[in-house]
Amino acid sequence: MTIQIRTTNALEILDSRGRPTLSVSLTLTDGLTCTAGVPAGASTGSGEAVEVRDGDLRRYGGRGVRSAVANVTGPIRAALAGRTFGDLAELDETLRSLDGTPDKARLGANAIVGVSMAAARAFAAAADQPLWRYLTPPGVAPALPVPHFNVVNGGVHAPNPLDFQEFMLAPVGAPDMAEAVRAGAEVYAVLRARLAAAGHATGLGDEGGFAPDLTRPEEVLDALVDAIVAAGYQPGPEGVAIALDPAASQFHRDGAYHVAGRAMSSAELVDHYAELIDRYPIRSLEDGLAEDDWDGWDRLTERLGDRVQIVGDDIFVTDPEIIADAARRGVGNAALVKVNQIGTVTETLEAFRVCRETGYAAMVSHRSGETLDTFIADLAVGSGCGQLKSGAPARGERVAKYNRLLEIAEQAPDLPYARISRSRT
Ligand code: 2PG
Ligand code: MG
């Protein structure tokens with residue numbers, strides 16, 4: 001199935017945090033227009049593909065994206081307009097070679113990924129397929145992913161004293177998508193009432209989770225387990241399990257990890273995680289250590305890798321080569337997958353392929369700065385990876401993805417709800 005491009009367009013819009021991002025559109029010669037909203041992170045890995053931002057301090061504190069918009073309407077349009085493409089890989093390769101840098105810094109990963117996402121939609125439409133089906137590689141079984149609801153926010157996503165960035169609810173024991181969403185929303189509601197009753201603020205962080213003035217991870221984990229039980233669910237693999245993203249690069253400074261007022265070595269922090277995993281129904285630990293602490297990651301994986309999923313985000317940055325290298329070394333056992341972290345849909349699909357071939361699990365992820373775009377819901381289903389994190393079951397830009405999963409489940413009733421266990425095996 002081919003597409004012929006008439007033009008590309010882009011607009012500077014706001015993301016969910018009130019910062020500028022791009023809405024990109026691609027118009028085909030047959031008149032069809034496909035659009036994509038570009039996500040943006042806060043706790044970014046240093047190896048991520050590079051966004052182009054204006055740096056003009058008179059607008060949005062330098063965060064404007066007019067230059068990235070100009071790249072879509074200038075060089076990218078000039079390279080694509082009038083051309084016919086046989087598949088997305090060919091189009092993405094054109095974008096990559098036009099950019100010419102290893103990290104997409106010239107045209108901007110924000111400009112490139114928007115075009116790539118819109119193009120994926122155009123190919124899906126040309127093939128008369130829903131996006132998730134188009135994104136399913138041959139031989140892969142699509143599945144509805146277990147949603148990972150980030151219900152307590154800390155780190156750089158909230159102004160509270162919590163050092164760990166994300167505390168997530170994973171309804172692994174739910175019978176289907178609708179019940180999974182219901183479990184997340186019901187526990188979230190109970191958690192809010194309980195936090196309020198205990199005198200904590202129930203304001204929200206960037207991903208829609210509560211941002212209470214708690215300091216120790218144990219206080220949050222106790223509150224989560226209480227809320228799961230009070231909402232009528234079983235904490236753990238039969239009901240609602242817990243996933244953590246401490247985003248440890250953010251609290252790693254001067255050679256130590258700073259958690260709840262304590263400075264810990266890498267080995268001490270691994271001990272701390274082991275204690276938490278002993279005490280609480282934790283199934284997944286993302287970015288437990290900093291992105292450059294590969295020796296620590298070795299230790300972490302060796303110590304806890306057969307008990308929980310050890311997910312690399314900042315350390316792998318959705319880069320197929322880094323994931324392959326990590327798999328050779330036995331570092332981590334799962335990769336977080338963010339389309340804008342690598343910059344094209346084709347390379348994202350390649351990251352999934354490396355995960356499948358190396359036996360690594362994969363989890364699709366939103367960014368802290370989101371739009372109403374629901375691309376990642378389809379990507380999670382199509383990849384068959386079984387896991388999606390898209391923030392709390394609240395705030396429009398977060399629930400848009402979960403609502404899209406409900407829609408897909410309704411439209412494709414034969415799709416299974418992913419069966420993933422508490423441990424990775
Ligand atoms: C993360 C992400 C998304 P950000 O660390 O996993 O939750 O955060 O988008 O700010 O990088
Ligand atoms: Mg992360």
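A residue is called buried here when its relative accessible area is under 20%. With that cut-off in hand, here are some close-up views of this predicted model.

**View 1. Strand β2 in its surroundings.** Strand β2 spans residues 20–28, and 8 of its 9 residues are buried, so the rest of the structure largely encloses this strand.

**View 2. The hairpin of β1 and β2.** Strand β1 covers residues 3–14 and runs antiparallel to β2, with 9 bridges joining the two. To find your way along the pair, start at Asn-9, whose bridge partner in β2 is Ser-25. The hairpin has 5 residues between its strands, and Gly-18 in the turn has a positive phi of about 80°.

**View 3. The hairpin of β2 and β3.** Here β2 pairs with strand β3 (residues 33–37) through 5 bridges, again in the antiparallel sense. Ser-25 is a handy landmark once more: opposite this residue, in β3, stands Thr-35. Between β2 and β3 lie 4 residues, and the turn includes Gly-31, with a positive phi of about 100°.

**View 4. Ligand 1 and the residues around it.** Ligand 1 sits in the second largest cavity. There are 17 residues around the ligand, of which Ala-42, Glu-166, Glu-207, Ser-368 and Lys-389 come nearest.

**View 5. Polar atoms beside the oxygens of ligand 1.** A polar backbone atom of Ala-42 is 2.7 Å from an oxygen atom of ligand 1. Side chains take part too: a polar atom from that of Gln-165 lies 2.9 Å from a ligand oxygen, and one from the side chain of Glu-286 lies 3.0 Å from a ligand oxygen. On its own, ligand 1 has 310 Å² of accessible area, and the protein covers 100% of that area.

Methods. Residues numbered from 1 in each chain as written. Chains lettered and ligands numbered in written order. Predicted model: local features only at pLDDT ≥ 70, side-chain atom pairs only at ≥ 80, totals over all residues. Heavy atoms only, no water. Buried < 20%, exposed > 50% of the residue type's maximum accessible area, 1.4 Å probe, protein only. Pairing = 2+ DSSP bridges. Near = heavy atom within 4 Å. Polar contact = N/O pair within 3.5 Å; in protein donor to acceptor, adjacent residues only side chain to side chain. Areas by Shrake-Rupley, 256 points an atom, 1.4 Å probe, with all protein chains shown as cover. 1 Å grid on protein atoms, 1.4 Å probe; cavity = no way out; pocket = protein on both sides within 12 Å on 5 of 7 lines; lining within 4 Å. Sits in = over half its atoms within 2 Å of the grid points.
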